Amino acid sequence: MKCRICSGNVRKFFDLGPQPISDAFLLPAARENEFLYRLQVGVCESCMMVQQAEEIPRQKMFHADYPYRSSGSALMRQHFEAVARRFLATELSGRDPFIVEIGSNDGVMLKTISEAGIRHLGVDPSGGAAEASAESGVRVQVDFFDETTAGTILARDGQADVIYSANTVSHISYLDSVFRGVDKLLAEDGVFVIEDRYLGDILEQTAFDQIYDEHFYLFSVRSVQALVQLHGLELSDIEHLPVHGGTIRYTISRPGRRVIGPEVGRLRASEPVDFSVFDDFARRAADIRDELVTLLTRLREEGRRVVGYGATAKSATILNYCGIGPDLIPYICDSTPGKQGRLTPGSHIPVLAPESFADPYPDYALLFAWNHAEEIMAKEQAFRQHGGQWIMYVPGVHIV
Ligand code: SAH
Ligand code: TMP
Ligand code: ZN
């Protein structure tokens, strides 16, 4: 297997078996002939980019019915508002600035930019999410960002002072085309700012559910620096943030344009270069699977009711890798309208609105949206008051 970034040799370290499209929530009639593929990940021996073995056609994942909505979390709404405010005070404070967002989803970040009257464009192939953002005054091009799209934007709108992308660049296997597009579109003194889940945190917490179709790459400082250099750009700064279980914000600019922040070298130096770290991770993931299945089986035998909370894309990995179905988890509550009334991909567990959680409360709730634990536990305090307990599996199986 060859590296999708640098053509180096990729060493496979984890096989998660047959998996569905993680956000393809099914109508009950559509459970036959579901698309499955074999999810395997490896690490490039040369640039250290962690990546998947198989590429899923992009239209299979991102289309008009893609259900995920970024605005579903109050914490993430605050996070993106803060991002927008910071750009408004810095890179977007000059004369007639322009910002492009790759993967703008429902406009959660660009809403604040639009309200400030700043020229902007979101690019996102998921038509339903784009419609939702148009309602909040955000301008969107329903498209996959790549070199061709960048050319169209450049011809129509001119160069961008900021190209921003959260939780999207890691989803794109064809990064060569994306970086050629960024190189065309980015102003001489502009910045390309990427936020994505951090490999270091995933390894440390054994958060193997962060591996699913959409997360084609798992980024580290080392691998992003190699990627950026390969395309004639420079990684000038990083910030380690707590969102989504551990994220890094990478600031990328043209060489020599920015002072390189000290965090870049510091975090890079802490990253693994020994491949045994990846093999250990895969072993710990298998142990977590065994522990979780044993716990759920025991609770069922004891007559306890366990339901799921948060039909995340991450949950597809857990459910399908562990072989958990409706016999162990009869339903999962989730606030996303496009997931409710459907079945989870592969595992075929019904997704119900959060109102069903209290009707009546279960004995235990398995929290698949563990990255939103604080927000969800605060919202569902009555569950604990009724004696309910949360089952967590990151960084290992435990009950709180
Ligand atoms: N930025 C938001 C959304 C992340 S979900 C957030 O952080 O919450 C990933 C989004 O990327 C989806 O809305 C998907 O449609 C979009 N996407 C996938 N491939 C893309 C591409 N090539 N160009 C632009 N957007 C893309
Ligand atoms: P994410 O981890 O990919 O952001 O997905 C979070 C999922 O959890 C999403 O489907 C929405 C759901 N959710 C709730 O059901 N209730 C909540 O309070 C929050 C924050 C998320
Ligand atoms: Zn490589």
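I take helix axes as lines fitted to C-alpha atoms over the stretch in contact, with angles running from 0 to 180 degrees between N-to-C directions. The model I examined is a predicted one.

**Entry 1: H8 and H9**

I began with the pair formed by helix H8 (residues 221-230) and helix H9 (residues 262-269). Their axes are 8 Å apart, and the packing angle is about 120°. I record H8 and H9 as oblique to each other, because the angle falls outside the ranges for roughly parallel, roughly antiparallel and roughly perpendicular. I then listed the residues that make the contact: H8 supplies Val-221, Arg-222 and Gln-225, while H9 supplies Val-264, Leu-267 and Arg-268. By class, the residues of this contact are 3 nonpolar, 1 polar and 2 charged.

**Entry 2: H5 and H6**

I looked up the same descriptors here, since two packed helices are described by the angle between their axes and the distance between the axes. Helix H5 (residues 147-157) packs on helix H6 (residues 175-185) at about 15°, with 7 Å between the axes. An angle under 35 degrees counts as roughly parallel, so I enter H5 and H6 under that heading. Their crossing is right-handed. On the H5 side I find Glu-147, Ala-150, Gly-151, Ile-153 and Leu-154 in the contact; on the H6 side, Ser-177, Arg-180, Gly-181, Lys-184 and Leu-185. The contact of H5 with H6 divides into 4 nonpolar, 3 polar and 3 charged residues.

**Entry 3: the chain as a whole**

I counted 13 helices and 17 strands in the chain. The radius of gyration is 21 Å, close to the 21 Å given by the globule rule for 400 residues, so I note the chain as being as compact as a globular protein of that length. Along the principal axes, the C-alpha atoms fill a box of roughly 65 × 50 × 40 Å. Buried residues make up 58% of the 400 in the chain. I also checked how contacts are distributed along the sequence: among those with a separation of 6 or more, 69% join residues 24 or more positions apart.

**Entry 4: two buried loop residues**

I located Ser-173 in the loop between strand S7 (160-166) and H6. Its relative accessibility is 11%, and as the cut-off for buried is under 20%, Ser-173 is entered as buried. Leaving out residues up to four places away in sequence, I find Ser-173 touching Arg-4, Glu-55, Phe-216 and Tyr-217.

Tyr-66 sits in the loop between helix H1 (58-61) and helix H2 (74-89). I record Tyr-66 as buried, at a relative accessible area of 7%. With neighbours within four places in sequence set aside, Tyr-66 is in contact with Asp-23, Met-61, Asn-105, Ser-126 and Glu-214. For one of these partners, Asn-105, I looked up the C-alpha separation from Tyr-66: 9.7 Å, across 39 residues of the chain.

**Entry 5: backbone exceptions**

I searched for unusual backbone values, given that most residues other than glycine have a negative phi, and most peptide bonds are trans.

I found a cis peptide bond from Asp-359 to Pro-360, with omega near -10°. Pro-360 belongs to the loop between strand S14 (351-352) and strand S15 (364-367). The bond from Val-394 to Pro-395 is also cis, with omega near 5°. I place Pro-395 in the loop between strand S16 (389-392) and strand S17 (398-399).

Asn-33 is not a glycine, yet has a positive phi of about 55°. I find Asn-33 in the loop between strand S1 (10-20) and strand S2 (36-44), and its relative accessible area of 81% makes it exposed. Met-48 likewise has a positive phi, near 65°, in a residue other than glycine. Met-48 occupies the loop between S2 and strand S3 (50-52). At 8% relative accessibility, I enter Met-48 as buried.

**Entry 6: Gln-381**

My last lookup concerned Gln-381, which is in helix H13 (residues 381-385). Its relative accessibility is 45%, and Gln-381 therefore counts as partly exposed. I took the C-alpha separation between Gln-381 and Ser-223 as well: the two are 158 residues apart along the chain and 41 Å apart in space.

Conventions
Residues are numbered from 1 along each chain as its sequence is written. Chains are lettered from A and ligands numbered from 1 in the order in which they are written. This is a predicted model: local features need pLDDT of at least 70, side-chain atom pairs count only at pLDDT 80 or more; totals for chains, interfaces and linings use all residues. Side-chain values use heavy atoms; hydrogens and water are left out. Helices (H or I, at least four residues) and strands (E, at least two) are DSSP runs, numbered from the N terminus. Angles under 35 degrees count as roughly parallel, over 145 as roughly antiparallel, 65 to 115 as roughly perpendicular and the rest as oblique. A crossing is left-handed if the near helix is turned anticlockwise from the far one by less than a right angle, and right-handed if clockwise. Contact means heavy atoms within 4.5 Å. Ala, Val, Leu, Ile, Met, Phe, Trp, Tyr, Cys and Pro count as nonpolar, Asp, Glu, Lys and Arg as charged, and the others, Gly among them, as polar. The radius of gyration is taken over C-alpha atoms; the globule rule is 2.2 Å times the number of residues to the power 0.38. Buried means under 20% relative accessible area, exposed over 50%, partly exposed in between (1.4 Å probe, protein chains only).
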